[in-house]
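Hello,

Here is the structure I promised to pass on to you. Please have a look at it before reading my notes.

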Amino acid sequence: MDLSVELIHATVQLEQPLGDGTRTVGTGFLITSAGPDGAPRTVLVTANHVLAKMPGAEARIGYRIANPDGSWSYSPQTLRIRDTGGGKLWTAHPSRDVAAISITAPEPFAKAAIPLSWLAEDDTFKANQVGAGDEMMALGFPRGLAANQAGFPILRAGRVASFPVAPAKVFPTFLLDFSVFPGNSGGPVFMSQAARRRLGASEATEVQFIAGLLTQQVELNSERLEIGIVTHAKFIRETIALIDNPAAPVTQARTEVFAGAKAASAEEAVARD
């Protein structure tokens with residue numbers, strides 16, 4: 001299993017035209033989990049602010065269709081995110097910037113959805129000796145740009161730039177050293193490498209898991225520092241659990257302080273159609 005390829009197929013662009021020739025853009029990815037009846041269902045995961053800053057009732061989710069000749073076609077479909085009264089239809093984590101909504105996806109995308117078990121758990125970082133200097137990858141649509149006309153996400157990489165990175169209850173987010181642009185918010189951040197590249201870690205350990213999702217970037221005096229803020233996968237698990245049980249337990253994580261810098265959303269700027 002190549003997690004990079006699996007996640008590329010499960011990652012989608014989210015957008016909403018604003019009626020003035022512009023659109024707001026974010027990233028989401030699909031998770032498969034059991035519903036209340038035990039049957040599998042498809043859940044779209046993204047940053048909460050991606051959906052919250054879309055004022056209309058309908059967004060567009062960027063599906064891709066495989067053609068018989070081996071090519072791909074970009075085929076976005078409508079996704080209803082608000083009810084007739086303007087109320088949100090998605091579930092938001094009460095303390096972290098994470099959102100989840102059950103969707104009906106085309107069959108190929110339902111099959112491409114990532115199993116819930118691939119999300120990191122509380123002990124995943126410790127068990128795999130993950131720390132500062134380790135490389136992780138992220139998928140997204142910076143400024144609404146796709147890797148090609150078929151609408152596949154752009155894959156980028158960066159090093160874990162903070163210490164410590166766990167446990168999530170104490171450190172609910174961690175920093176990743178890579179350039180963040182509007183449109184990246186909500187994209188998955190993951191580790192997928194057969195050999196560790198950080199001194200002091202095992203050299204031949206197969207490590208593949210979804211670490212979290214990109215939610216923000218770091219700014220200082222209105223200057224972007226090219227550092228992304230990743231919210232731990234633990235909070236994705238909790239948000240999905242809240243879909244069926246609003247009383248499900250959630251982690252009361254502390255608020256981070258970035259030593260004079262601030263966290264800023266990474267998607268709210270609009271892109272031209």
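Below is what turned up, beginning with some strands and ending with the cavities.

This is a predicted model, where local features need pLDDT of at least 70, side-chain atom pairs count only at pLDDT 80 or more, and totals for chains, interfaces and linings use all residues. Residues are numbered from 1 along each chain as its sequence is written, and side-chain values use heavy atoms, with hydrogens and water left out.

Strands are DSSP runs (E, at least two residues), numbered from the N terminus. Strand E13 (residues 173-177) has 4 of its 5 residues buried (under 20% relative accessible area, 1.4 Å probe, protein chains only). E13 runs antiparallel to strand E12 (residues 154-160), with 2 bridges, and Val-160 has Leu-176 as its partner. Two strands pair if DSSP finds at least two bridges between them. E13 is also joined to strand E16 (residues 223-232) by 4 antiparallel bridges, with Phe-174 opposite Val-230. E12 in turn pairs with strand E11 (residues 135-140) over 6 antiparallel bridges; there, Met-136 faces Gly-158.

Now the cavities: sets of points on a 1 Å grid over the protein atoms alone, where a 1.4 Å probe fits but cannot get out, with lining residues having an atom within 4 Å of a point. The second largest holds about 40 Å³, a volume being the space filled by probe spheres set on the points, which are joined across faces, edges and corners. Its lining includes Ile-154 and Arg-156, and E11 gives the most to that lining, with 3 residues. The largest cavity has about 60 Å³ of space.

Happy exploring!

Key:
Buried < 20%, exposed > 50% of the residue type's maximum accessible area, 1.4 Å probe, protein only. 1 Å grid on protein atoms, 1.4 Å probe; cavity = no way out; pocket = protein on both sides within 12 Å on 5 of 7 lines; lining within 4 Å.
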